[in-house]
Amino acid sequence: MRLTMPSGTPEGIPLTVMPFREDAVIGTMSLATLVRLVPSPRREEDPRALKTASGHDRRHAELRATVQRTLRSQKGRNIPAYAEYIAAGILGKHGSAWSTPPVTLWHAGEIAAMSDELLPDSGLRTLTVAPDAIVVAIDGETQTTAWHDIYQDPEAFGLTYAELGRRVRIPFELYLGISSADARQIFYDRNVKGVDVAKNLAMSMDQRDLATRLAYLVGERLEVESDGRRMPFDKLVNTGKRQLTRTDKEVVTLSALRALIVTTVFGGKGVQYSATHVHEGDLPPNTDADEVETVVVRLVSRLIGDRFPDFARRGAITAPAVMAGLGVLLYRATPWCDPRDAMSYETVEHLLADVRWEPPTGTASAPASAPPAGSTSAAV
């Protein structure tokens, strides 16, 4: 007697997906599913773990090595901070202002099964991944490793397995049956074709950064007159560029405004914060965020309002380096400045009174009479 093999639904991990091209699908999965599908990259780079690993796990590690960097590169150093960021997001500490990109996966070989559409014309299908399938993260492996760290010890991140199961859905795109050469090409394209954002521009988008929040506050609270109309200054602040062109309607970039903010807070030391976070713990001694906000928004708003015609002409005053220099001068009008260097805002006004802010192709020139050391020309 000869028995036939079962012909029912294939065993494996079912995923609800939607194709977006003939060899790729998108969807979401639970964290438990991700760690089952994609082994921990840390473990795959551990020689001791590989000695006792199954043949399937060793083949997975070998194939991964053909399309991925090792964790010993820069990405490995980013994993702990990434895991903390994700955990804080799950716990609601970031509110809605957090995100992780979809993990890009490669399913080597043939899939176990793909269903017909679950709903007519919806595109939704059930894809079954066989238990012995090899699935590799070709982009988003830093995130994948961070998820593994969280899943291995959720309590260390203030989480539980129940919370991870209830709150987490991980978006993914999955490439099906493509060659290892194609997978390597996708890795290359994802990591090289994109243009990195300059750090100072990226900082100007970070709403958890105190200096960025103050820059936005100045833009929202300061009103100026432009083309015969009163408007908030933020309508004239470009948030997406490092430098303005002649065709831009804005008068200053957000990164330049942030440079003015950080040097107003810290003086000359503020330059070091041009591309790094400003946390409340970084603020000058004997100050707090509320005091710094009140003083800095008032001083910066007054300086811009008094000199708005120069900003409107896009004179040299709008250059990031000049804005930073003006902040160094404004710092001396803050209550936390060393009393030996402190001055009133009226003195700041007097020092700037005779400065000529040339048109865009010019530079700021000093007054006819040389100012004392440490005054306007030195700061600007």
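**A tour from Arg-167 to the sheet**

Select Arg-167 to begin: this residue is partly exposed, with a relative accessible area of 41%. The model in view is predicted. Next, add Glu-163, whose side chain meets that of Arg-167 in a salt bridge at 3.6 Å, N to O. Both residues belong to helix 7 (residues 161–167), where a spacing of 4 residues separates them by about one helical turn. Glu-163 counts as buried, since its relative accessibility is 15%, below the 20% limit.

Move now to Arg-221 and Glu-293, whose side chains form a salt bridge of 3.4 Å, N to O. Arg-221 lies in helix 10 (residues 210–221) and Glu-293 in helix 12 (residues 289–306), so this pair ties together parts 72 residues apart in sequence. Glu-293 is partly exposed at 25% relative accessible area.

Remain on helix 12 and select Arg-302, which meets Glu-346 of helix 15 (residues 345–352) across 44 residues of sequence. Their salt bridge is 3.5 Å, N to O. Both are partly exposed, Glu-346 at 48% relative accessibility and Arg-302 at 37%.

For a network of salt bridges, select Glu-44, Glu-45, Arg-64 and Glu-141. The structure holds 18 salt bridges.

Finally, display the sheet: 7 strands, open, with mixed pairing, in the order 4-5-1-2-7-3-6. Strand 4 (113–114) and strand 6 (134–139) form its edges, each pairing on one side only. Helix 4 (residues 55–65) packs on the sheet, touching strand 3 (103–108) and strand 6, with its direction at about 25° to that of strand 6. Helix 6 (residues 141–152) touches strand 3, strand 6 and strand 7 (170–176), its direction making about 120° with that of strand 6.

Conventions. Residues are numbered from 1 along each chain as its sequence is written. This is a predicted model: local features need pLDDT of at least 70, side-chain atom pairs count only at pLDDT 80 or more; totals for chains, interfaces and linings use all residues. Side-chain values use heavy atoms; hydrogens and water are left out. Two strands pair if DSSP finds at least two bridges between them. Helices (H or I, at least four residues) and strands (E, at least two) are DSSP runs, numbered from the N terminus. Contact means heavy atoms within 4.5 Å. Axes are lines fitted to C-alpha atoms, for helices over the stretch in contact, and angles run from 0 to 180 degrees between N-to-C directions. A salt bridge is a side-chain nitrogen of Lys or Arg within 4 Å of a carboxyl oxygen of Asp or Glu. Buried means under 20% relative accessible area, exposed over 50%, partly exposed in between (1.4 Å probe, protein chains only).
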